[in-house]
Structure formats: structure tokens, C-alpha cells
Amino acid sequence: MSVIFTTVSTDDEIWQLLELQQKNLPRNISEEVANDQGFVTVVHNFDLLSRMNAAYPQIIAKDGDKVVGYALVMAESFRYDIPVLTAMFTMLDELEYEGKLVKDYRYYAMGQICVAEGYRGQGIFDGLYAKHKTELSDKFDLCITEIAKRNTRSLAAHKRVGFEIIHEYFDTTHPELWEVVLWDFRK
């Protein structure tokens, strides 16, 4: 395996990313796989990912020409582009971290992270986040996201790379218990 960590530079990479996303949505995997390997919840489209990539390069893992993992950068300016995430950004506006509102920090939301089947457990998750820190820590103080509490594999992996839980809430719109996790690049 000769996986490299880089940023999206072609339309083909965006299409491959979208294909990987589709393969890992709960509706396309068994409940057993979702519980054991994790899952992604938000569906993006080519136009949105292209605009997100123009704002901040999206982080990917590649094995040759094949995209085998991704970790999306979702700047606050995209808060209204995915309706299901608007509520998260609104909540972040009111959350505090270290005595200061999250919105008063330079932060971005981790838009989604995913590693292809057959590449899991090989350090790609950690490599994607290491690339995030390299690419973005001079522009942002914090990386923040929310993870379904039942997605225990994702929660454990996020804690391993340095995220901490700062809030828990129940989403009544799409009944699910969520953990808000934050990675402080300044530490």
C-alpha cells in the first residue's frame, strides 16, 4: 500500500469522493457494518464539493489514482448549503469552549471523514487528520464536528487523534443522540 495524503485537484477526485460517500451511507450498508465500521450521514453533490474545494482544499487519501479516503473541510460560510447542518452551526454559535463562544474562534467544521473498505485500520484516518492540521492550523484555531453517539468507532478514532467531547444533545428532527467534538490546533 502506498497511500498518499493530498488535496483534491481534479474533478475526477471529487466524483470518486462522492462515490465513496454513497457506498458508506447507512442506507447502502448493513446495520452490522454501520455498527462495526461506522458510516457517514450527509450527502453532498458535485457543485457543493467543488465550491467547498475552492474555498479550502479538501483532504483526500489516494492509493495510486484511486481516492480511498477523505476528510472534508466545511467552512462556516457553507452553513446554509446543507440544511441538515444549519442547525449544527446555529448550535455552535451558542456553545462555549474555554470560556469563549465557539463562533469567536477561527474554526471550521469537519464536513465528514470516510475511509474505504479494505483500507480501514491502516492509519489512513489518522493520516487524513494529520494532513488537516498541516494544511489548516495556520488558518484556524479549532476543528469541530458532531458524531452520532452510536457511531462508537468514529468517536473512538476522533478521541485518538486529539478531539474532545464538549457537548451532547438529542436531535429531535432526526432522532439521534449526538456528541459535539472539538480539536484545538493550538494545543
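**Exercises on a predicted protein chain**

**Exercise 1.** Determine what share of the 187 residues in the protein chain is buried, and judge whether the overall dimensions are those of a compact globule or not.

*Solution.* Buried residues, taken as those under 20% relative accessible area, make up 52% of the 187 residues in this predicted model. The next step turns to the radius of gyration: a compact globule with 187 residues would have a value near 16 Å, and because the protein chain has 15 Å, the two agree. Along its principal axes, the C-alpha trace spans about 45 × 35 × 30 Å. Finally, of the contacts with a separation of 6 or more, 67% join residues that lie 24 or more positions apart.

**Exercise 2.** State where in the protein chain confidence is lowest and where it is highest.

*Solution.* Begin with the average, which is a pLDDT of 90 for the protein chain, with 92% of the residues scoring at least 70. Then compare the elements: helix α2 (residues 31-37) has the lowest confidence, at a mean of 67, whereas strand β2 (residues 59-63) has the highest, at 98. Where pLDDT is low, the predicted coordinates should not be read in detail.

**Exercise 3.** Identify the buried residues of helix α4 (residues 83-94) and name elements that cover them.

*Solution.* The protein chain has six helices and nine strands, and the helix in question, α4, buries Leu 85, Thr 86, Met 88, Phe 89, Met 91, Leu 92 and Asp 93. An α-helix has 3.6 residues a turn, so residues three or four places apart point the same way. The cover over the buried residues of α4 includes the strands β3 (66-75), β5 (100-101), β6 (107-115), β7 (142-148), β8 (164-171) and β9 (176-184).

How values were computed: Residues numbered from 1 in each chain as written. Predicted model: local features only at pLDDT ≥ 70, side-chain atom pairs only at ≥ 80, totals over all residues. Heavy atoms only, no water. Helix = DSSP H or I, 4+ residues; strand = E, 2+ residues; numbered from the N terminus. Rg over C-alpha atoms; globule rule 2.2 N^0.38 Å. Buried < 20%, exposed > 50% of the residue type's maximum accessible area, 1.4 Å probe, protein only. Contact = heavy atoms within 4.5 Å. pLDDT = per-residue confidence, 0-100.
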